Amino acid sequence: VPGYLIGGEKKKSEKARLRKGITLLAATPGRLLDHLKSTNSFNLRNLKFLVFDEADRLLDMGFEKDVSAIVEELKNKSRSD
């Protein structure tokens with residue numbers, strides 16, 4: 001079940017999709033970080049891979065803080081599970 005998280009979309013509908021379960025997720029860094037921090041139904045127990053497509057461009061575009069925060073948030077959540 002593929003899904004996506006992007007800014008401009010209603011968070012309520014995104015939360016509902018996350019609750020149902022997503023096997024492949026594409027997301028913008030800011031929206032992913034937002035859900036990692038605030039959405040309790042965002043289940044990461046079966047997370048196997050994290051891919052930053054075009055990571056060099058993300059860093060060039062100023063998303064270094066978001067990328068680092070995503071990795072840190074995932075580390076923190078994996079320790080608490």
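A polar contact, as the term is used in these exercises, is a pair of N or O atoms within 3.5 Å, and within protein one of the two must be able to donate a hydrogen and the other to accept it. The model examined here is a predicted one.

## Exercise 1: Thr39 and its partner

Determine where Thr39 lies, whether Thr39 is buried or exposed, and which side chain it joins in a polar contact.

Solution.

Step 1. Begin with the place in the chain: Thr39 lies in the loop between helix H2, which covers 29-38, and helix H3, which covers 55-60.

Step 2. Turn next to accessibility, where buried means under 20% relative accessible area. Because Thr39 has a relative accessibility of 4%, it counts as buried.

Step 3. Apply the definition given at the start: the side chains of Thr39 and His35 are joined by a polar contact of 2.7 Å, which falls within the 3.5 Å limit.

Step 4. Complete the surroundings by setting aside neighbours within four places in sequence, which leaves Lys15, Leu18 and Asp34 in contact with Thr39.

## Exercise 2: From His35 to Glu14

Find which residue of helix H1 makes a polar contact with the side chain of His35, and describe the setting of that residue.

Solution.

Step 1. The side chain of His35 is in polar contact, at 2.7 Å, with the side chain of Glu14, and Glu14 belongs to helix H1, residues 11-20.

Step 2. A second polar contact, of 3.2 Å, links the side chain of Glu14 to that of Arg31.

Step 3. The relative accessible area of Glu14 is 0%, and therefore Glu14 is buried.

Step 4. When neighbours within four places in sequence are left aside, Glu14 is in contact with Tyr4, Leu5, Ile6 and Glu9, as well as with Arg31 and His35.

Step 5. Both polar partners of Glu14 can now be placed in their helix, since Arg31 and His35 are among the buried residues of H2. In general, an α-helix has 3.6 residues a turn, so residues three or four places apart point the same way.

## Exercise 3: The buried residues of H2

List the residues of H2 that are buried, and state which elements they pack against.

Solution.

Step 1. The buried residues in H2 are Pro29, Arg31, Leu32, Leu33, His35 and Leu36.

Step 2. These buried residues pack against strand S1 (2-5), H1, strand S2 (24-27), H3 and helix H4 (64-80).

Step 3. One of the residues in the list, Leu36, can be followed further, for Leu74 touches Leu36 along with Leu44, Leu47 and Leu50, not counting residues up to four places away in sequence. Leu74 has its place in helix H4, and its relative accessibility of 15% means that it counts as buried.

Step 4. Leu44, in turn, touches Leu36, Leu74 and Lys77, under the exclusion of residues up to four places away in sequence. Leu44 lies in the loop between H2 and H3 and, with a relative accessible area of 17%, is buried.

## Exercise 4: Two further residues of the loop

For Ser41 and Glu54, which both lie in the loop between H2 and H3, work out whether each is buried, partly exposed or exposed, and add what else can be said of each.

Solution.

Step 1. The class called partly exposed lies between the buried limit of 20% and the exposed limit of 50%.

Step 2. Ser41 has a relative accessible area of 22%, so it is partly exposed. Ser41 touches Lys15, Leu18 and Arg19, not counting residues up to four places away in sequence.

Step 3. Glu54, at 43% relative accessibility, likewise counts as partly exposed. The backbone of Glu54 has a positive phi of about 55°, although Glu54 is not a glycine.

## Exercise 5: The whole protein

Describe the order of the secondary structure, and then decide how the radius of gyration of the protein stands against the globule rule.

Solution.

Step 1. The protein has 4 helices and 2 strands, which follow the pattern β-α-β-α-α-α along the sequence.

Step 2. The radius of gyration is 12 Å, close to the 12 Å that the globule rule gives for 81 residues, so the protein is as compact as a globular protein of that length.

Step 3. Buried residues make up 22% of the 81 residues, and residues 24 or more positions apart account for 37% of the contacts with a separation of 6 or more.

Step 4. The accessible surface comes to about 6,100 Å², of which 53% belongs to carbon and sulfur atoms.

Key:
Residues are numbered from 1 along each chain as its sequence is written. This is a predicted model: local features need pLDDT of at least 70, side-chain atom pairs count only at pLDDT 80 or more; totals for chains, interfaces and linings use all residues. Side-chain values use heavy atoms; hydrogens and water are left out. The radius of gyration is taken over C-alpha atoms; the globule rule is 2.2 Å times the number of residues to the power 0.38. Buried means under 20% relative accessible area, exposed over 50%, partly exposed in between (1.4 Å probe, protein chains only). Contact means heavy atoms within 4.5 Å. Accessible areas come from the Shrake-Rupley method with a 1.4 Å probe; for residues, only the protein chains shown count as cover.
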